[in-house]
Amino acid sequence: MEAVPFIGIDRHRLGVDGVGVTTLAAFHGCPLRCRYCLNRRCLEPAEGLVRYTPQELYDRVGVDNLYFIATGGGVCFGGGEPLLRVDFLEEFKALCGRGWNLTAETSLQVERESVVRAAEVVGDFIVDIKEGNAAIYKAYTGGDAARAWGNLEWLLGRMGAEHVLVRVPLIPDFNTEADCDATAKRLEAMGVTRIDRFGYRVMSDE
Ligand code: SF4
């Protein structure tokens with residue numbers, strides 16, 4: 001497999017993106033265009049970014065093998081959208097085996113086949129569902145809410161609610177607390193038990 005671009009690698013994360021000590025590996029590239037995207041580098045041309053094959057990334061993050069094994073941690077793949085790189089995830093899992101837990105931080109704004117394949121190798125998902133109202137979702141991300149929600153429903157059935165954390169942000173000028181309440185209610189009705197509600201802080205030049 002060819003090396004693919006990353007916008008960053010961040011070691012020794014504890015309790016922020018998965019079980020135990022994790023290293024965050026953030027892929028370049030995302031199908032959405034969120035108005036307040038914090039990772040704009042992943043939406044710009046990939047020139048100048050560091051690139052890794054699965055073997056090269058495995059060799060690099062393996063320096064923390066003992067931390068991963070001792071804490072039940074591993075690698076969290078974010079971005080950008082890691083489920084656009086499911087070939088990479090599969091090859092990486094074949095290298096690291098069961099000793100490392102893989103987590104994916106995803107909007108689920110991908111083809112169902114990518115979710116199905118990712119569920120074979122990823123132990124825990126952090127789903128950035130953003131909003132339940134399709135018009136608000138479209139206005140904020142440019143994407144189709146039905147695809148993300150359909151994938152979430154499938155994922156819950158496949159993984160079980162304990163392995164799926166869903167993020168529900170309050171997005172200034174786009175949704176309200178009442179919208180977030182409605183999104184959380186809809187998630188609970190689907191069987192989601194782990195919901196992370198928070199508010200975006202928008203910088204003054206936005
Ligand atoms: S899904 Fe994430 S990376 Fe993609 S545009 Fe939205 S905030 Fe940015």
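This is a short talk on one protein structure, starting with its sheet and ending at its ligand.

Morning, everyone. A caution before we start: the model is predicted. Keep that in mind throughout.

Let's begin with the sheet. Eight strands form it, and it is open. The order across is E3-E1-E2-E4-E5-E6-E7-E8. The pairing is mixed. Now look at the two ends of that order. Strand E3, residues 50–52, stands at one edge, and strand E8, residues 194–199, stands at the other. Each has a single partner strand, so one side of each has no neighbour in the sheet. The sheet also has a twist to report. On average, neighbouring strands are turned by 30° against each other, direction ignored.

Let's walk through the strands from E2 to E6. Strand E2 covers residues 21–27, and E2 pairs with E4 in the parallel sense over five bridges. Thr-22 stands opposite Gly-74 in E4. Next comes the pairing of E4, residues 74–78, with E5, residues 101–106. That pairing is parallel, over four bridges. Which residue of E5 is the bridge partner of Gly-74? It is Asn-101. So far, then, Gly-74 faces Thr-22 and Asn-101. Moving along, Val-75 stands opposite Leu-102 in E5. Phe-77 has Ala-104 as its bridge partner in E5. One more step across. E5 and E6 pair in the parallel sense, again over four bridges. There, Glu-105 has Ile-126 in E6 as its bridge partner.

Now, burial. How many of the six residues of E5 are buried? Six of the six, so E5 is largely enclosed by the rest of the structure. Both faces of E5 are covered. Asn-101, Thr-103 and Glu-105 are buried on one side. Leu-102, Ala-104 and Thr-106 are buried on the other. What about E4? Five of its five residues are buried, so E4 is largely enclosed too. For E6, the count is four of five, and E6 is therefore largely enclosed as well.

Next slide: the nonpolar core. In soluble globular proteins, nonpolar side chains tend to be buried together. Here, the largest nonpolar core has 50 residues. Which of them touch the most other members? They are Phe-77, Leu-89, Leu-152, Val-164 and Val-166. Helix H6, residues 145–159, gives the most to this core, with six residues. We met Phe-77 already, bridged to Ala-104 in E5.

Take Val-164 as an example. Leave aside its neighbours within four places in sequence. Val-164 is then in contact with Phe-125, Val-127, Leu-155, Leu-156, Met-159, Val-192 and Arg-194. Strand E7 runs over residues 164–170. Helix H7, residues 177–190, lies across E7 and E8. The helix runs at about 165° to E7.

Now some backbone details. Two residues other than glycine have a positive phi in my notes. One is His-12, with phi near 60°. His-12 sits in strand E1, residues 4–14. The other is Lys-130, with phi near 70°. Lys-130 is in the loop between strand E6, residues 124–128, and helix H5, residues 134–141. Which way does each go, buried or exposed? His-12 is exposed, because its count is 11 other C-beta atoms within 10 Å, and the cut-off for exposed is 12 or fewer. Lys-130 is buried, because it has 25 C-beta neighbours inside 10 Å, and buried starts at 20.

Helix H5 also holds Ala-135. Ala-135 is exposed, with 9 other C-beta atoms within 10 Å. Its C-alpha atom is separated from that of Pro-31 by 17 Å. Along the chain, Ala-135 and Pro-31 are 104 residues apart.

Last stop: the ligand. What surrounds it? The list is Cys-30, Leu-32, Arg-33, Cys-34, Cys-37, Asn-39, Cys-42, Gly-79, Gly-80 and Ser-107. By class, that shell has five nonpolar, four polar and one charged residues. Look at the two glycines, Gly-79 and Gly-80. The peptide bond from Gly-79 to Gly-80 is cis, with omega near 10°. Gly-80 is found in the loop between E4 and helix H3, residues 86–96.

So, to recap. There is an open sheet of eight strands. E5 has six of six residues buried. And a cis peptide bond joins Gly-79 and Gly-80, both of them around the ligand. Thanks for listening.

Notes: Residues numbered from 1 in each chain as written. Predicted model: local features only at pLDDT ≥ 70, side-chain atom pairs only at ≥ 80, totals over all residues. Near = placed C-beta within 6 Å. Nonpolar A, V, L, I, M, F, W, Y, C, P; charged D, E, K, R; others polar. Pairing = 2+ DSSP bridges. Axes fitted to C-alpha atoms, helices over the stretch in contact; angles between N-to-C directions. Contact = placed C-beta atoms within 7 Å. Core = buried A, V, L, I, M, F, W, Y, C linked by C-beta atoms within 7 Å.
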